[in-house]
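Student: Please zoom in on one part for me: the charged side chains, and who pairs with whom.

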Amino acid sequence: MDKKKILIIDDEFYFCKLVKLNLELTGEFVVYVANNGKQGISLARKVKPDIILLDIIMPGMTGFEVLEKLKKDKKTMEITVAMLTAKEDEGSKISAARLYSEEYIVKTQEIGTLRAAINDILKRKGII
Amino acid sequence: MCPDQMFSVKDVSILAVDDETEVRNLYDTILTEEGYRVTTASCGEEAVERIKQEKFNLLLLDLKMPGMSGTDVLKAVPDRLEGTSVIIVTAYPSLESSIEAIKSGVCDYVIKPFSPKELRNIVRMVAEKAKLIEENKKKERELAVATAAAEAQKLKARELEDANEKLRETQNMLIQAEKMRALGQLASGVAHEVRNPLAIIILGINYLEEKLPKKKGRNPINDTLKIIKDSVKRADKIIRMLYDFSRVTELDLKKEDINSVINTSLALVKNKLKLEKNIKVSKEIKIGLPKVLVDKNKIEQVFVNALLNAVQAMPNGGQIIIRSYDKLLTEPGNGAGNRKNDNFKVGETALIVEIEDTGIGISRENMSKIFDPFFTTKGPQKGIGLGLSVSKNIIDLHRGFIYAESEEGKGTKIIIKLKIAKEGGANG
Ligand SMILES: Nc1ncnc2c1ncn2[C@@H]1O[C@H](COP(=O)(O)OP(=O)(O)OP(=O)(O)O)[C@@H](O)[C@H]1O
Ligand SMILES: [Mg+2]
């Protein structure tokens, strides 16, 4: 099976690094990292990931702004985006739904749970 | 006199300040729809100009704006803002800015992004409070006049005094409730920042678990990893509680069968109960009960909190009984009657759930405190004292009633009264 490509856009440098280390350890994924929205968008256009994990609160461009740009760009509009959030939050969910985001992943959990959530989304989207 | 009757949104003027057009439009649409008089300003400078021209009842203020910030606005025209209730709207409250804002008399917080419902609730709460205070001041003035008047006026003064006392009571209650909410909001803002590093620590441990040479059985390395992980989880749990505490303002109401809510709650604590060997749980469920209009997850949370408290109150084992039944309320008291906080009428049938234990009980002295936030007798390792206060918030929001009966050394019964859903339509 092909390794699935994941792009994670989050300003927490350590968080990205550890998600990458953990996920790549499984041999199922290649993980690309961007620490801000702008870098994230250009990386998304370049590597065409299977899924993007996108943090909501970032300095500069917020996750929602990044999402909007991704969805308006022909090169990236088809890519599945899952918003990363520190908490389950109605307000954010509504904003995200308005901006056609598909999925939500809560950050504080063990890698096993995170991986299951990612696989679940990929399966639902017919990517695996 | 009930505040609902004297509260009319038509005489409430709001100035909404935000540099984002979208947010301003949202304010305009939602709050105008509610009937408020809404003025918007797109920056701090414009806000100050408006405040100089007109006196507003309520100010919705973005903290971070290019040019003059929210706090700058508050500092620029403090005199003109006397009597104006201020709600700060911010994406990411830092502790510092929050404290500064509270010092300058801010009433409440809304964290961005917010839902229309959240906005409506908070604005209404603050507006109601402002109205009450205004009303109260008016009464106070009247009272002063009346007291100064002749002997013959004494009777009238007495009446006014009573009214005044009542108003003051309501006002205090509202202010207290709001302070708690503001505190919760603050805590949740900080909690959010703490959750990121916690997530990182957990992922770090996960990596080490995979990478360290695996030794069989117990060994210091595995033990250490487990201790770190458990501790992080404990911290995360506290944060989640704080967060829950701050945001019980929205309900997702559906018609539910209370017995099935009880069953899910029991399932949720099943594992915990299994560990406590000598605890017996029994159900005394009435079948065919009418449905209740509730937010299932929130009511589950209430039952789980009560069940966990019961377990914790019986370190040497005992019995838990969970009951459900409906009851015609024939006497005033415990939420029934004509007082402001009475959600039930005498003669109304309520749905009642009781969670009873044979544990250590609650002392007389503590009975009045158990629903206060952060009141706990369990010590820092075990409790943070939010369980019952969150539960009370939830039940209040459902227009129900929660109270406790207890005898030290014998046991405790938590009693929850809920409204029965009306027949017909999905929302009752
Ligand atoms: N069933 C009970 N039996 C005896 N005491 C109780 C019972 N339920 C609550 N209490 C008392 O009320 C206090 C407050 O309860 P609450 O659930 O709010 O907080 P907590 O259990 O101490 O902490 P937390 O629920 O936040 O972990 C408890 O510390 C305890 O003293
Ligand atoms: Mg408790």
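**Charged side chains up close**

Tutor: Start with Asp295(B), which is buried because its relative accessible area is just 6% (buried means under 20%, exposed over 50%, partly exposed in between, using a 1.4 Å probe and protein chains only). This is a predicted model, where local features need pLDDT of at least 70, side-chain atom pairs count only at pLDDT 80 or more, totals for chains, interfaces and linings use all residues, and side-chain values use heavy atoms, without hydrogens or water. Residues are numbered from 1 along each chain as its sequence is written, while chains are lettered from A and ligands numbered from 1 in the order written.

The partner of Asp295(B) is Lys298(B): they make a salt bridge with the closest N and O atoms 3.7 Å apart (a side-chain nitrogen of Lys or Arg within 4 Å of a carboxyl oxygen of Asp or Glu). Lys298(B) is buried too, since its relative accessible area is 18%.

Over all chains, the structure holds 24 salt bridges. One of them joins Glu110(A) to Lys229(B), at 3.1 Å between the closest N and O atoms. That pair crosses between chains: Glu110(A) sits in the loop between strand 5 (103-106) and helix 5 (111-124) of chain A, and Lys229(B) in helix 8 (residues 220-246) of chain B (helices are DSSP runs of H or I with at least four residues, strands runs of E with at least two, numbered from the N terminus). Both ends, Glu110(A) and Lys229(B), are buried.

Stay on helix 8 of chain B for Asp230(B) and Lys226(B), whose side chains meet in a salt bridge at 2.8 Å, N to O. Because they are four residues apart in that helix, about one helical turn separates Asp230(B) from Lys226(B). Asp230(B) is partly exposed, as its relative accessible area is 39%.

There's also a joined-up set: Glu284(B), Arg323(B), Glu354(B), Glu356(B) and Lys413(B) are linked in a network of salt bridges.

Now for lysines in a patch. Lys237(B), Lys272(B), Lys378(B) and Lys382(B) form a positive surface patch (patch residues have over 30% relative accessible area and no salt bridge, with like charges joined within 9 Å; the place of a Lys charge is taken as NZ). Lys378(B) lies in the loop between helix 12 (364-367) and helix 13 (387-397) of chain B, and counts as partly exposed because its relative accessibility is 32%.

Conventions: Patch = residues over 30% accessible without salt bridge, like charges linked within 9 Å, V, L, I, M, F, W, Y side chains within 5 Å. Areas by Shrake-Rupley, 256 points an atom, 1.4 Å probe, with all protein chains shown as cover. Lys, Arg positive; Asp, Glu negative; His and termini not counted.
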